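Subject: Structure handover and notes

Hello,

Please find the structure we spoke about below. My notes on it come after it.

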Amino acid sequence: MADRSPKPSSRSLWRRYLDFPLIYKLAIALVAGAVVGLAVGEPATALQPLGEVFLRLLQMLVMPLVVVTLIAGVSSIDPVRLGGIGLKVLVFYLATSAVAITVGLLAALAVAPGTGLQAPGRTEQSPEQAPPVAQTLVEIVPENPFAALAEGNVLAVMFAAIAAGIALAFMRASSDERIAGLGALLRRGVDAGVELVFVIVRGVLQYAPVGVFALIAVVLAETGVDALVPLAKLTGVVYGGVAVQIGVYAAVLVLFRVGVRRFFAAAREPMVTAFATRSSSGTLPVSTRAARRMGVDEGVYGFTLPLGATVNMDGTAIYVGAATVFVANVAGVELTVGQLLMVVLVGVLASIGTAGVPGAGLIMLSLAVTQAGLPFGPVALVAGIDAILDMVRTMCNVTGDLTGTRVIARTERGMVHESGEDGTGPGAGAAAVPAGAQRAEGAEPPGEDAGSGG
Ligand code: ASP
């Protein structure tokens, strides 16, 4: 690798780019993208392809990542324990979502965004239909796992991968030598697959600054400041609500004696990626990498992160709560307690069946508005600035998934390792840590419990 570049000068420039910490590159890209988008306006939308390539590079990795990390993770832990982890994380996700939607509702009720605004004339947009909960649950079992893979159906793929992981664990434990040997072989292959995906993730992240720059520039060029001004209060409520929610995560981390500073040092890359891509599913490769760097075992993150990307959307819950109040205010309707409870219920339930893709929250808002029996017109106002709100709520969604993952790992014996991978160092590609295999069971990072830097 060292001898491959022909010209020393160009090599050193590339080397310097590689050595510059990723988070700074991302921060610069974020600010530069915002400046370019606002200053240049419409023509900046020409950058769209550069951003789309980044999104596609990430999405390209999502399904392979879910399959290999889940099989590797599940096959290394006992199914009973997996059930326990699953139950804990579901409770955690539901509880934080309920807190989030309450934060959104309360903040909006206090600030009253939308009062005095006019809904745009009669909009013929038809309200969205909720996927029936029972159907969502039934479809978690795939008829054809390969079709589920091809369609990008995360929950169905998770189901098949968990089944494969459990079967693999049984094979490895088999008293038949031939089956046990095949199981061991397969497991090594899966471990190799995990490393392969992460080496690609590292490569993709070198392109991330370009992608982030382009995506932010395009959103700001398309939305413009003019659209934001009348909706400044709603934007403030959503951004403020997310800030409160992130404070809640920090408090939960402290409560579970996890080092807050170390957590956010690893979480900031997925946070910026989520902000720019507006997709928690797309951010999965980056958040999974962050969980590894926190030292979380794949037996936990392989399960909790893909699940979270699909069912846990705290930022979206804040947005649904706040925007419903906004809609009611624009329409001049006083929300009853019954309607508010309906919004909470729809906010939490709808998030389960909706994938973490850009704009998914707008669909959930439509559902909540329809369920609460509010007029649909004002939703069109929100739609105009949805991308701006989507950025911050997706960032919150991903932070919530990572908080759940880190906290659950903390409560499980041997699920946090000191050898958290750090792919940014020199020669990182070659020195990857073999997933799970060589890690000491039960090794908790020493600094962690002391609330290092809390
Ligand atoms: N874009 C969000 C996500 O991917 C969902 C939403 O639109 O709120 O998590």
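The notes below go from the overall fold to the ligand site, and then to single helices and residues.

Please keep in mind that this is a predicted model.

Overall fold

The protein is helical, with 18 helices and 0 strands. It has 454 residues, and 51% of them count as buried. Among contacts with a separation of 6 or more, 85% are between residues 24 or more positions apart. The accessible surface of the protein is about 19500 Å², and carbon and sulfur atoms hold 66% of that area.

Ligand site

How many residues surround the ligand, and which are the closest? There are 14, and the closest are S280, T316, G361, D390 and R393. Two of these also appear among the polar distances that I noted. For G361, a backbone N or O atom is 2.6 Å from an oxygen atom of the ligand. For R393, an N or O atom of the side chain is 2.5 Å from a ligand oxygen atom. On the nitrogen side, a ligand nitrogen atom lies 3.0 Å from a polar backbone atom of V357. Taken on its own, the ligand has 270 Å² of accessible area, and the protein covers 100% of it.

Helix 11

Is helix 11 enclosed or open to the outside? Helix 11 spans residues 284-293, and 10 of its 10 residues are buried, so it is largely enclosed by the rest of the structure. The buried set includes the charged-type positions R289, R292 and R293 as well as L284, V286 and A290. Those buried residues pack against helix 3 (48-76), helix 8 (177-228), helix 10 (260-277), helix 12 (298-311) and helix 17 (386-411). R292 has a further arrangement: its charged end sits over the ring of F198, 4.0 Å from the ring centre. Just after helix 11, G295 has a positive phi of about 90°.

Q245 in helix 9

Q245 belongs to helix 9, which covers residues 232-255. Its relative accessibility is 0%, so Q245 counts as buried. Beyond its neighbours within four places in sequence, Q245 is in contact with T96, V99, A100, V103, D314, I318 and C396.

Aromatic pairs

The structure holds 5 aromatic pairs. One of them is W14 with Y17, which is stacked, at 5.6 Å centre to centre and 15° between the planes. Why are W14 and Y17 about one helical turn apart? Both lie in helix 1 (residues 8-19) and they are 3 residues apart there, so about one helical turn separates them. An α-helix has 3.6 residues a turn, so residues three or four places apart point the same way. W14 is partly exposed at 47% relative accessible area, and Y17 is partly exposed at 25%.

Another pair is F92 with Y93, which is edge-to-face, at 6.4 Å centre to centre and 70° between the planes. The cut-off for buried is under 20% relative accessible area. F92, at 12%, is therefore buried, and Y93 is buried at 2%.

Y17 also takes part in a second arrangement, in which the charged end of K25 sits over its ring, 4.0 Å from the centre.

Backbone points

Two residues other than glycine are worth listing for their phi values. A112 has a positive phi of about 55°. A112 is in the loop between helix 4 (79-111) and helix 5 (133-138), and at 23% relative accessibility it counts as partly exposed. R257 has a positive phi near 55°. R257 lies in the loop between helix 9 and helix 10, and it is partly exposed at 47% relative accessibility.

G384

Is G384 buried or partly exposed? G384 is in helix 16 (residues 379-384), and with a relative accessible area of 49% it is partly exposed. G384 and A227 are 157 residues apart along the chain, and 7.1 Å separates their C-alpha atoms.

Regards

How values were computed:
Residues are numbered from 1 along each chain as its sequence is written. This is a predicted model: local features need pLDDT of at least 70, side-chain atom pairs count only at pLDDT 80 or more; totals for chains, interfaces and linings use all residues. Side-chain values use heavy atoms; hydrogens and water are left out. Helices (H or I, at least four residues) and strands (E, at least two) are DSSP runs, numbered from the N terminus. Buried means under 20% relative accessible area, exposed over 50%, partly exposed in between (1.4 Å probe, protein chains only). Contact means heavy atoms within 4.5 Å. Accessible areas come from the Shrake-Rupley method with a 1.4 Å probe; for residues, only the protein chains shown count as cover. Rings of Phe, Tyr and Trp (its six-membered ring) pair if their centres lie within 6.5 Å; planes under 30 degrees apart count as stacked, over 60 as edge-to-face and the rest as tilted. A charge sits over a ring if NZ of Lys or CZ of Arg is within 6 Å of the ring centre and within 35 degrees of the ring normal. A residue is near a molecule or strand if one of its heavy atoms lies within 4 Å of it. A polar contact is a pair of N or O atoms within 3.5 Å; within protein, one must be able to donate a hydrogen and the other to accept it, and residues adjacent in sequence count only if both atoms are side-chain atoms.
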